[in-house]
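Reader: I'm new to this one and would like a close look at a single part of it. Could you pick up the helix packing and walk me through it slowly?

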Amino acid sequence: MSDNAFSPGEALADDEIRVTLLGTGTPFPRRGQACAGVFVEAGREKFLLDCGPGVPQNFTSLETPFTAVDKVFVTHHHVDHIGGLDHFWIGGWTYGRRTPLKVWGPPGTADIVDGLRRIYAWDIETRLDALPPGGHEVTCVEFDRDGVIYDSFDQGGVRITAFKVVHTEPQNTYGMKIEYGERVFVFSGDTKKCDALIEHAAGCDLLIHEAFPPAELYAEKSNRPIEIAKKISEIYHTSPREVGEVFAATRPRLGVIYHMYNNNDVVGPALDQIREGYRGAVEIGYDLMVINVGKEVTTRPAIHDDKPWPVGRTA
Ligand SMILES: [Zn+2]
Ligand SMILES: [Zn+2]
């Protein structure tokens, strides 16, 4: 762990957003890289963007109490972005959260949340015997167009704007822009290179954009025909070369890519492609990378515990 590692519990300046990557991988389940999830802290607000498999484990590794987070904003319904919701909801209640988990997402999210309630009816019934109610509930707010989906900006909080991006058919995927004071952070969700994102991210402080490995490399690594690899890498997702173009067009203070296979033989060629069209600050996101967005934009690894105990009162 480097000397300047982030220590959980560290104070956050009034003019800063802190963004912790809880998962930076792809739908391929990997022990060493969780699926998509971002933990955002700004003023009194703390929330998640997406909650893929592995995200709850990375969250608890920071030894942050579950009581700290009762909001999850979902970009779309692929399993690598929502597959950790059930565990974050019920695990969070079991180990401390006493308020409902609130989930925001595109059309279909309410059905998914209802489905989770049905699937886990017995689970919840059995736990209500020992646990106080409240946290066993999960609620949903759907949004179906571009616009503000959450706003506490004028009370010293954040404004979250969802905007439609271009991913898989039928299209139902959103990127998210988070504003806090003078700071702006944009999260792409999953998208191919698209104008809506470039418009919303222009001049932002931090842009976390997805990237998929170059098609040839992905075909080789995943044992797929090149035509399929090209479709996945370049039609459903954004190639590293195109991410470089997005960064060049939006000029964020820092560009971070996620949704990657963080292997040395992928990261090197990906960075080379990004660099073809972009000379600004860029980093490859990794699990438990902490990004402070303030007067400076800095990145550090988080000190974490792989076998944490619950934090705070749990009953
Ligand atoms: Zn997706
Ligand atoms: Zn994805």
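Author: Sure, and let's settle one term before anything else: a residue counts as buried if 20 or more other C-beta atoms lie within 10 Å of its own, as exposed if 12 or fewer do, and as partly exposed in between. Keep in mind, too, that this is a predicted model.

Let's try the term out on Thr-109, a residue of helix H4, which covers residues 109-119. Thr-109 has 21 other C-beta atoms within 10 Å, so it is buried. Leaving aside residues up to four places away in sequence, Thr-109 touches Val-74, Val-103, Cys-140 and Glu-142. Gln-155 is another story: 46 residues separate it from Thr-109 in sequence, and their C-alpha atoms are 28 Å apart in space.

Now step back for the overall picture. The protein chain holds 10 helices and 15 strands, and 46% of its 315 residues are buried. Its C-alpha atoms fill a box of roughly 60 × 45 × 40 Å along the principal axes. A compact globule with 315 residues would have a radius of gyration near 20 Å, and the chain has 19 Å, so the two agree. Among contacts with a separation of 6 or more, 68% are between residues 24 or more positions apart.

On to the part you asked for, beginning with helix H9, residues 240-250. Its buried residues are Pro-240, Glu-242, Val-243, Gly-244, Val-246, Phe-247 and Thr-250. What do they pack against? Two helices and three strands are on the list: helix H6 (195-201), helix H10 (264-277), strand E11 (206-210), strand E12 (254-258) and strand E13 (282-284). After H9 comes Arg-251, which has a positive phi, near 50°.

Let's zoom in on H9 and H10. In general, a pair of packed helices is described by the angle between the axes and the distance between them. Here the axes come within 7 Å and cross at roughly 40°. Angles of 35 degrees or more but below 65 fall outside both the roughly parallel and the roughly perpendicular ranges, so H9 and H10 are oblique to each other. Their crossing is right-handed. On the H9 side, the contact is made by Pro-240, Arg-241, Val-243, Gly-244, Glu-245 and Ala-248, and on the H10 side by Ala-270, Gln-273, Ile-274, Arg-275, Glu-276 and Gly-277. Sorted by class, that makes five nonpolar, three polar and four charged residues.

Gln-273, in helix H10, is a nice one to click on. Is it buried or partly exposed? It has 19 other C-beta atoms within 10 Å, so Gln-273 is partly exposed. Its C-alpha atom is 4.6 Å from that of Arg-241, although the two are 32 residues apart along the chain. Not counting residues up to four places away in sequence, Gln-273 touches Pro-214, Ser-239, Pro-240, Arg-241 and Gly-244.

For a second pair, look at helix H7 (residues 215-222) and helix H8 (residues 226-236), which pack at an angle of about 120° with axes 8 Å apart. H7 and H8 are therefore oblique to each other, and H7 passes H8 in a right-handed crossing. H7 brings Ala-215, Glu-216, Tyr-218, Ala-219 and Ser-222 to the contact, while H8 brings Ile-226, Ala-229, Lys-230, Ile-232, Ser-233 and Glu-234. By class, this contact has six nonpolar, two polar and three charged residues.

How values were computed: Residues numbered from 1 in each chain as written. Chains lettered and ligands numbered in written order. Predicted model: local features only at pLDDT ≥ 70, side-chain atom pairs only at ≥ 80, totals over all residues. Helix = DSSP H or I, 4+ residues; strand = E, 2+ residues; numbered from the N terminus. Contact = placed C-beta atoms within 7 Å. Axes fitted to C-alpha atoms, helices over the stretch in contact; angles between N-to-C directions. Parallel < 35°, antiparallel > 145°, perpendicular 65-115°, else oblique. Left-handed = near helix turned anticlockwise from the far one by under 90°. Nonpolar A, V, L, I, M, F, W, Y, C, P; charged D, E, K, R; others polar. Rg over C-alpha atoms; globule rule 2.2 N^0.38 Å.
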